[in-house]
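Trainee: Could you take me through the aromatic pairs in this one, slowly please? I'd like a close look at how the rings sit together.

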There are 2 protein chains.
Amino acid sequence: MFKVTFKFGSGEDVTTFAQEGENLLDVARKTNVAIDAPCGGNASCGKCKVKLVDGELDSPKTRHISDEEYGNGWRLACVSKIMGDVAVEVPDIASAYRSRMKVADLSSKEEIAIFENAKNDLEAAGLALTNSMEILEISMEVPSLDDTMPDNERLVRAIKKQTGATSVRLPYQVLTKMARVFRDSHFEVRCVARTSSAGDIFVYDVYPKDAEVVIGGLAIDIGTTTVSALLINMLTGEIIGKASAGNGQIRYGADVINRIIESMKPGGSKKLQEAIIEETINPLIEQMCRASGFLPEHIYRMAVAANTTMNHLMAGMEGDPIRMEPYIPTFYKTNSLFASDIGIHINRDAHIIIAPNIGSYVGGDITAGTLVSMLWNRPEFSLFIDLGTNGELVFGNSDFMMSCACSAGPAFEGGDISCGMRATDGAIEACTIDKKTMDPSYSVIGKEGEKPIGLCGSGIIDVIAELFRTGIINPKGKFVREGKRVRHDEYGMGSYVLAFEEEAGSVKDVEINEVDIDNFIRAKGAIFSAIRTMLASIDFEVEMIDDVYVAGGIGSGINMENAVRIGMFPDIPIEKFHYIGNSSLAGAYTMLLSRDAERKCYDLASNMTYLELSTVPSYMDEFVACCFIPHTDTSLFPSSVQES
Amino acid sequence: MFKVTFKFGSGEDVTTFAQEGENLLDVARKTNVAIDAPCGGNASCGKCKVKLVDGELDSPKTRHISDEEYGNGWRLACVSKIMGDVAVEVPDIASAYRSRMKVADLSSKEEIAIFENAKNDLEAAGLALTNSMEILEISMEVPSLDDTMPDNERLVRAIKKQTGATSVRLPYQVLTKMARVFRDSHFEVRCVARTSSAGDIFVYDVYPKDAEVVIGGLAIDIGTTTVSALLINMLTGEIIGKASAGNGQIRYGADVINRIIESMKPGGSKKLQEAIIEETINPLIEQMCRASGFLPEHIYRMAVAANTTMNHLMAGMEGDPIRMEPYIPTFYKTNSLFASDIGIHINRDAHIIIAPNIGSYVGGDITAGTLVSMLWNRPEFSLFIDLGTNGELVFGNSDFMMSCACSAGPAFEGGDISCGMRATDGAIEACTIDKKTMDPSYSVIGKEGEKPIGLCGSGIIDVIAELFRTGIINPKGKFVREGKRVRHDEYGMGSYVLAFEEEAGSVKDVEINEVDIDNFIRAKGAIFSAIRTMLASIDFEVEMIDDVYVAGGIGSGINMENAVRIGMFPDIPIEKFHYIGNSSLAGAYTMLLSRDAERKCYDLASNMTYLELSTVPSYMDEFVACCFIPHTDTSLFPSSVQES
C-alpha cells in the first residue's frame with residue numbers, strides 16, 4: 001500500500017492509501033475527493049488535471065497536457081496509476097466543484113421575486129394557492145372506566161365527527177406518539193392532516209393543543225449540475241429557508257449519460273442515490289433547518305422537479321432503459337414515493353410529489369418550468385428554453401404545446417471548457433474586449449476585488465461574442481488576429497488569455513482556446529438548431545415567436561444581445577427575452593403550495609407533444625449549419641456583425 | 001472498570017466490564033446475558049440466583065438464600081454490586097430460560113393436527129379458506145419508439161385490463177426492481193398481488209414469468225413467556241416452517257406489568273421492542289427460512305395474536321395507559337402496521353394483521369383463540385380457558401359471548417415457583433406419589449433418561465394434586481406428614497424433594513415448598529374464582545357448562561383430573577375437557593389463510609362482552625374461598641378426596 005495525499009489551495013490535505021497500479025481518479029472518488037471528470041474518466045475531457053508535488057505517477061502525456069504543463073507536473077488523474085507514495089495538488093478550479101459549495105444566492109431580491117411572481121401569475125390565472133395540508137384542532141372526550149374506547153378509535157371518531165370525513169388514517173408514527181400526547185394535553189390536540197381528493201384524511205402528526213405547529217414543505221430542483229432547495233410554510237407559502245449546492249453525483253460524470261453508465265455498475269445505483277440524497281439533499285435540509293430553527297420531521301411534504309434521469313437516480317431506479325432505445329423510463333409520474341423509502345431526512349411519511357416527466361429526455365424540471373412560464377395561459381406564441389446540461393425547449397400557447405430536448409453538454413454551466421466553472425465566486429460572468437488593444441474588461445462573481453479563476457456560462461457567451469465582434473476569431477471560431485493575449489501552441493491551437501497567472505486567482509492563466517470555443521459553438525448550435533427544427537416541424541418561423549423565456553443555471557448575468565450575436569437565440573427584438581431564473585424550483589414551489597398548480601402540471605405533461613429531434617431528417621443539417629458564428633446563413637442574424 | 005465473567009453449564013463464558021458499584025443484573029442485561037428475573041429485579045422473586053466462583057460481590061443475604069446457600073456462594077444478582085473483578089456461574093435453570101431455546105415440538109403430529117383441525121372446523125362452519133393474496137400472470141406489450149408508455153403505467157394498464165380493477169398500486173420496492181425484471185423477461189411477469197375488499201390491487205412484488213413464486217405468510221403467537229411462529233404458503237395453507245422460542249423480553253420481567261414499568265424508563269420502550277423483534281421474532285423467521293430454503297422477503301403478510309401489552313410493546317407503543325386506570329390501550333385493532341415500520345425482517349411492505357384486542361387485559365390471543373375454539377358456532381355453552389401468565393376466559397355460544405381476565409401470574413409456566421420452569425427439556429411434566437413411601441414417580445421432558453431440573457405447569461398440578469391426595473399436604477397447602485422427602489427449614493417452612501441433587505440434572509435438589517404451593521394455589525384460585533364469578537354474573541352455574549376448551553403453554557401433558565382435584569377447573573365429567581394447544585397461534589394461522597376468518601375474528605371482538613372482575617364485589621370473597629385445595633366449599637369438588 002502506498003500513501004496518497006491530495007492537497008488543496010485551502011491548505012487542507014486528504015490522505016489515503018492505495019495499491020500499486022490503482023487509478024488515481026478511482027482513489028480520489030473512494031476517498032470522496034471530488035476531482036471533476038465530466039467525461040466519466042475516459043481521458044476525453046481533460047478536466048481532471050492534478051499537479052504532482054511529491055513522488056511519481058505512471059501517467060502518459062495526453063492531448064490535454066502541453067509539454068510545458070507535463071514538465072511542471074500536470075497529469076490527468078483518470079490515466080494516472082499509483083506506483084509509490086505520492087502527493088498531488090487538486091487545482092482550485094476542480095475543487096470549486098466540490099459539492100458543498102454555495103452556488104447561487106437565493107436570498108437576493110431578484111431570486112425571491114421569481115417565486116413571488118410565479119405565485120402571483122398562477123393566482124391571476126385562476127389557480128387557488130391552497131393545498132391539501134391543514135392543522136385540525138381536535139377535542140376528544142377524556143376516557144373513563146365507562147368509556148374505554150382505545151386512543152386510535154377515539155381520535156378517528158373525533159376527526160370524523162368534526163370534518164365529516166368517512167375515512168381517517170393514522171400511520172405508525174402517529175400511533176406510537178399518540179398515547180403520550182393525548183395524556184399530556186388532556187385529549188385536546190392539534191393534528192397535521194391532509195385531505196385527499198377523495199375526501200379521506202391522513203394524519204401526519206399529532207401535537208398537544210397549545211403547541212406551535214408549522215407545516216413545513218420542501219421544494220427541490222435537482223439539476224444535473226446544481227441542486228436548489230426551498231423550505232416553506234405550507235399554509236402561508238412563506239419561504240423559511242433556501243439553499244443550493246452542487247449535485248454530489250458530479251464526480252460520477254458531468255452528464256446524465258455518464259451517470260447512467262456509472263449507475264449500471266455493481267452497486268452503482270446505490271452509490272448514485274447516496275450521492276444525491278445523503279451527500280446533497282440531506283445536507284441542504286439540515287442547513288436550512290439549522291439556519292431557521294426548524295425540525296426536519298416537521299417537513300410533511302416534498303416536491304421535486306428534475307430531469308427524468310435525475311428523478312430516477314434519486315429514486316434508486318435503473319437508468320439504462322432511459323438511455324437505450326426505445327428510451328422507456330420506469331415512470332413519468334408516480335405517487336408511490338415517500339421520504340422513508342429513499343432516506344430523505346424529513347418526516348418519514350412525507351409524500352414526495354414529483355413533477356411529471358414527458359419522456360426520457362424531457363423531464364419534470366421542464367413541466368415545472370413550463371407551469372411557471374405561464375406559456376399555457378397566453379394566446380401569444382412563446383418559447384421556453386431551459387439551458388441546462390441538456391437544453392430543453394417548449395413552444396406553444398394556450399392551445400397547444402410542443403417540447404424537445406437537445407444535448408447541449410455541460411458548456412453552459414462551465415463544463416467542457418478548459419477554464420469553465422459554474423456561476424460562483426471567481427467566475428468571470430461578463431466581459432467586453434477592446435477592439436484595438438484586445439484587452440478584456442470583465443466582472444467577476446464574488447466579493448470586491450475577487451480574482452478570476454475561470455469562466456461561467458454567461459461569461460463564455462460574452463467572451464465569444466466579443467472575440468467575434470472584434471475580429472479576433474472568425475465565424476469558425478479560429479483565432480485570426482495576433483497579439484500578446486493570443487497564443488498558439490505547438491500543434492497550432494490558438495487561445496486567448498483573459499487573465500495571466502499573476503492576475504488570476506488560480507495557479508495558471510485563465511484562457512479560452514479553440515477547443516473550448518468549438519465546444520461552446522456546438523452547444524449553442526444544438527440550441528438554435530433545436531429551435532429551428534421544432535418550429536419548422538409545425539410550419540413556424542422564428543420571427544413568429546412572441547416571447548422567449550430563458551431559464552437555467554447560466555446565471556442572471558446572461559447578456560441576451562450577445563447570446564443572439566453568437567447565434568444561440570433567434571434574432572428577434574431584445575425586449576422579447578425574459579430571464580426567469582430557476583423555473584424548475586419555482587415550479588416545484590408552486591406545486592407544493594397549490595393543489596391546483598400540481599394538477600395543472602400533470603395536465604401540462606399529458607397535453608404536451610414531444611418531438612424526438614433525432615427522428616427529424618433535417619436536424620443534423622440544421623445543426624451543422626448552426627456550428628458557425630452566428631450561422632452559415634448570416635441573414636438569420638442581422639444583428640450579428642463583425643466590426644471591421 | 002472491573003472484569004465480570006458469566007459462566008454457564010455449557011462451558012461458554014461471557015465476559016464484560018463494569019464500573020464499581022454497578023448492579024450485577026443490569027450488567028448481565030447490558031451484556032445480553034439473560035438471567036431470569038420475573039419480578040423485574042426488585043429482590044422479591046428470588047429467581048436471579050447466581051453462584052460466585054471467583055472474586056467478591058457486595059450482596060446482602062435475602063430470604064431467598066439460606067445460610068448454607070450463601071456460604072456456598074449463592075447470591076441474588078439483582079441486589080449484588082460490583083466491587084472488583086468477579087466471576088459468577090449462571091445456573092442451568094436460569095440459563096434454560098435463555099431466549100434461543102426450543103420450547104415446544106411443533107412438528108409433532110398432535111401439533112400439526114391442531115392447525116388442520118382449526119382449518120377444517122372453520123371450513124365446516126362455512127368460512128372460505130381463501131385470502132386476498134394471489135399471483136397474477138401479466139403479459140404486457142413490449143415498448144417501442146411508437147409506444148413509449150413508462151414501465152409503471154404499462155404494468156398498471158395490463159393489470160387493470162386483465163382484472164377489471166380500477167385502482168392498482170405499485171409500492172417503491174416494486175418500482176425499483178421493475179425495469180430489470182421487465183427487460184429480463186420480455187415484459188411477461190408474475191405479480192404477487194393483493195385485492196382489497198374495495199377491489200383495489202396492491203402489487204407486492206414482480207417476478208419474471210418463469211420464476212417459481214410462493215407467497216409466504218407468517219403467523220405468530222406472542223405470549224408473555226413463549227413466542228411461536230409458523231411460516232406458511234398463503235395459497236395452499238401448507239405449513240413450511242415452525243419454530244418457537246422464549247420471549248426475549250423475559251429478562252425485563254416475567255409478567256406484563258413489570259415489562260410495562262420497564263418500558264416506561266428512558267429508552268425502555270425501544271429496548272422492549274428490540275427484545276421481542278430483533279432478539280426473538282427475527283431469529284425465528286431466520287431459523288424457519290433457513291431450514292426451508294425460503295427467502296424472508298417472500299413473506300408478504302403476517303398475522304399476530306398476542307395479549308394487549310405484547311402487541312403494544314411489539315409495536316413500540318406506550319404500555320403505561322394499559323396498566324393505569326381507566327386502562328386505555330392505543331388500539332384494539334389497527335391496520336396501520338407494516339413490517340418495515342417495526343423492523344420485522346420480511347418483505348418491507350408486508351401488512352401486519354393483529355388479532356383484535358377486546359380490552360387492556362383481554363387481547364388478540366384470546367380473540368384468535370376464541371375463533372378456533374368454535375365456541376361462537378355452537379348452540380351449547382362452552383368455556384374457553386387460556387392458561388397464560390394472565391388467565392383469560394370466554395364463555396358463551398352462538399348467541400352471546402363474555403370474557404374476563406385474571407392475573408394468574410407466571411405459575412402455570414413455571415414462574416413464581418422456586419424450581420419452576422417452562423415445559424422444556426428437564427422439566428417434570430407428570431408425577432404420581434406413592435402414598436406409603438411418599439416417593440415420586442415422574443416423567444421428564446427430553447431424551448430418554450433426561451434428569452429433572454425443575455417443574456413445568458402440568459408437573460406442578462400433578463405434584464400438588466398427589467401431595468394432597470396422599471395427605472402429605474393439607475387443604476391449605478401446608479406439609480402435615482414427615483419423611484425423608486419432607487423437610488422444614490429454620491423458619492419452619494416445609495418442602496418436598498422430588499429429586500435429590502445427585503438424581504437431578506441441576507446443581508441442587510428439585511423440590512417444591514410451601515411458598516411455591518401457596519403461589520400455585522393463588523394462581524389456580526384466580527382461575528376458578530374467575531369462572532365462578534363470570535358465570536354467576538349471568539346466572540349460570542358451573543354444571544351448566546357443556547364443554548371446556550383449555551389452551552395455553554401449560555403443555556399437552558396436563559392431567560385434567562388432577563386439575564379438577566386441586567380445584568382449578570370445575571368438577572364436571574372429564575370427557576368434557578379438551579386441550580386445544582396453542583389456540584392463539586392456530587387463530588393467527590387461520591386469520592392469515594382465510595379472509596373470512598379474519599373478518600370473523602373482528603366480529604367476535606366487537607360482539608364479545610368484557611367483564612372487569614375487579615368491579616364485581618363478590619370476586620375477592622370468591623377468590624379467597626378458592627385459595628384452598630380444592631375449595632372451602634368441598635361440595636363443589638366431589639371428585640377431590642384425600643385418601644385416608
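Mentor: Sure, but let's begin with how the copies meet: 100% of the interface residues of chain A are also interface residues in chain B, so the copies meet through the same surface (contact means heavy atoms within 4.5 Å). Keep in mind that this is a predicted model, where local features need pLDDT of at least 70 and side-chain atom pairs count only at pLDDT 80 or more, while totals for chains, interfaces and linings use all residues. Residues are numbered from 1 along each chain as its sequence is written, chains are lettered from A and ligands numbered from 1 in the order in which they are written, and side-chain values use heavy atoms, with hydrogens and water left out.

Now the rings. Phe, Tyr and Trp (its six-membered ring) pair if their centres lie within 6.5 Å; planes under 30 degrees apart are stacked, over 60 edge-to-face, and the rest tilted. That gives 28 aromatic pairs over all chains. One of them joins A:Phe412 and A:Phe520, edge-to-face, with 5.6 Å centre to centre and 90 degrees between the planes. A:Phe412 sits in the loop between β17 (401-406) and β18 (427-433) of chain A, and A:Phe520 in helix α14 (residues 514-537) of chain A, so the pair ties together parts 108 residues apart in sequence. Helices (H or I, at least four residues) and strands (E, at least two) are DSSP runs, numbered from the N terminus. Both A:Phe412 and A:Phe520 are buried (under 20% relative accessible area; exposed is over 50%, partly exposed in between, with a 1.4 Å probe and protein chains only).
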